[in-house]
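The following exercises concern a single protein model. Each task is followed by a solution worked out in steps.

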Amino acid sequence: MRVFSSIDELRHTLDALRRQGRTVGLVPTMGYLHAGHMELVSRARAENDIVVVSIFVNPLQFGPAEDLSNYPRDLERDAAMLKQAGVNFLFSPGVEDMYSRPMLTVVDVPDLGRELEGAVRPGHFAGVATVVCKLFNIVQPQTAYFGEKDYQQVVIIKRMVDDLAVPVRVISVPTVRDSDGLALSSRNVYLSEAERRAAVIIPQTLDEAERLVADGLTDPVELEARLTAFLNREPLAKPEVVAVRDASTLQPVTSIADPVVVALFVRVGSTRLLDNRTIGRPGLPGKGVTR
């Protein structure tokens with residue numbers, strides 16, 4: 001596995017491979033890898049000749065009071081995992097490589113990015129869309145792989161790709177979970193033992209949502225209220241977003257008839273965790289998004 005920090009060097013190497021007809025898949029990450037990331041890598045390896053994994057903790061998507069400086073990092077460990085998994089290239093730029101001068105250009109999908117998680121993290125998804133767009137321009141992959149745990153992110157990236165005619169097929173990969181159902185996340189490392197035990201209330205709430213809808217509940221406002229009350233049974237969990245939205249557009253719904261996504265953004269201790277579940281047929285929108 002070759003490791004790059006230089007944009008120009010990576011581009012030069014990939015250009016030569018593309019001229020040979022090799023296909024390129026990209027897995028964008030912020031590092032501190034876990035089994036969920038490795039599932040993305042496995043899918044990328046199965047579908048492409050060349051796999052590029054990027055590790056970059058993107059400052060544009062962190063607010064002033066968020067955990068940028070404390071975000072977990074272990075590049076040596078991550079690189080060993082990726083080499084073992086058969087990744088061809090690791091792109092691990094520094095901030096000075098990605099943003100050699102202050103960014104004046106921003107990619108934003110405001111109607112989607114200011115909802116749900118974006119409502120409590122202003123500017124977050126503009127930072128995500130900007131860095132992903134830049135990574136797509138650098139790597140120029142045919143396909144890129146994202147986890148469904150970040151459901152809103154996938155919807156936004158797919159819309160960005162469609163709106164800007166970016167020639168990348170966005171692939172969504174199902175969430176990988178721990179044995180008790182908690183979605184794997186790099187931020188899980190922040191949880192104390194008591195908080196980790198408490199965090200299981202999040203997937204349990206999604207189970208409860210599915211049960212309530214199966215039992216005939218069709219009022220999204222009532223479902224949100226009942227799920228909030230369910231979460232509040234756990235003293236260490238503080239729900240910030242409990243939302244029932246159209247599974248394709250993320251818009252509010254008046255009745256649970258078409259497929260919906262139940263989106264949760266929950267603070268456990270000082271750690272924000274997110275999870276979701278689509279109730280009904282698969283709901284991620286757009287051409288080229290597969291499961």
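**Exercise 1. The annotated positions**

UniProt, in an unreviewed entry, places the feature "binding site" at Q61 and Q153. The model examined here is predicted.

Task: Determine where Q61 and Q153 lie relative to one another in sequence and in space.

Solution. Step 1: the two positions span 93 residues in sequence. Step 2: their C-alpha atoms are no more than 11.7 Å apart, so Q61 and Q153 gather at one spot. Step 3: both Q61 and Q153 belong to the lining of the largest pocket.

**Exercise 2. The surroundings of Q61**

Task: State in which element Q61 is found, whether Q61 is buried or exposed, and which residues Q61 touches.

Solution. Step 1: Q61 sits in the loop that runs between β3 (50-55) and α3 (75-84). Step 2: the relative accessible area of Q61 is 10%; the limit for a buried residue is under 20%, so Q61 is buried. Step 3: leaving out residues up to four places away in sequence, Q61 touches M30, E66, R121, H124, G127, V128 and V131. Step 4: a polar contact of 2.9 Å joins the side chain of Q61 to the side chain of N58.

**Exercise 3. The surroundings of Q153**

Task: Carry out the analysis for Q153: which helix holds Q153, is Q153 buried or exposed, and which residues are in contact with Q153?

Solution. Step 1: Q153 is part of helix α8 (residues 151-164). Step 2: its relative accessibility is 17%; with the limit set at under 20%, Q153 therefore counts as buried. Step 3: apart from neighbours within four places in sequence, Q153 is in contact with F125, V128 and F146. Step 4: V128 thus appears in the contact lists of Q61 and of Q153.

**Exercise 4. The nonpolar cores**

Task: Describe the largest nonpolar core and identify the helix that supplies its largest share.

Solution. Step 1: the largest nonpolar core has 48 residues, and those with the most contacts inside it are L14, V52, F91, M98, F136, I157 and M160. Step 2: helix α7 (residues 124-139) contributes the largest share of this core, 10 residues. Step 3: M160 is in contact with V107, V109, A129, V132, C133 and F136, leaving aside neighbours within four places in sequence. Step 4: another core, of 26 residues, lies apart from the largest one and includes L182, L212, I256 and L264.

**Exercise 5. The enclosed space**

Task: Find how many cavities of 30 Å³ or more there are, and describe the lining of the largest cavity.

Solution. Step 1: the count is two cavities of 30 Å³ or more. Step 2: the largest cavity holds about 130 Å³ of space. Step 3: 15 residues line the largest cavity, and Q152, A263, L264, L274 and D275 lie nearest its centre. Step 4: α8, β8 (260-268) and β9 (271-279) are the elements that give two or more residues to this lining. Step 5: β8 gives the most, with four residues.

Key
Residues numbered from 1 in each chain as written. Predicted model: local features only at pLDDT ≥ 70, side-chain atom pairs only at ≥ 80, totals over all residues. Heavy atoms only, no water. UniProt positions renumbered as here; feature names shortened; annotations may be inferred. 1 Å grid on protein atoms, 1.4 Å probe; cavity = no way out; pocket = protein on both sides within 12 Å on 5 of 7 lines; lining within 4 Å. Buried < 20%, exposed > 50% of the residue type's maximum accessible area, 1.4 Å probe, protein only. Contact = heavy atoms within 4.5 Å. Polar contact = N/O pair within 3.5 Å; in protein donor to acceptor, adjacent residues only side chain to side chain. Core = buried A, V, L, I, M, F, W, Y, C linked by side-chain atoms within 4.5 Å. Points joined across faces, edges and corners; volume = space filled by probe spheres on them.
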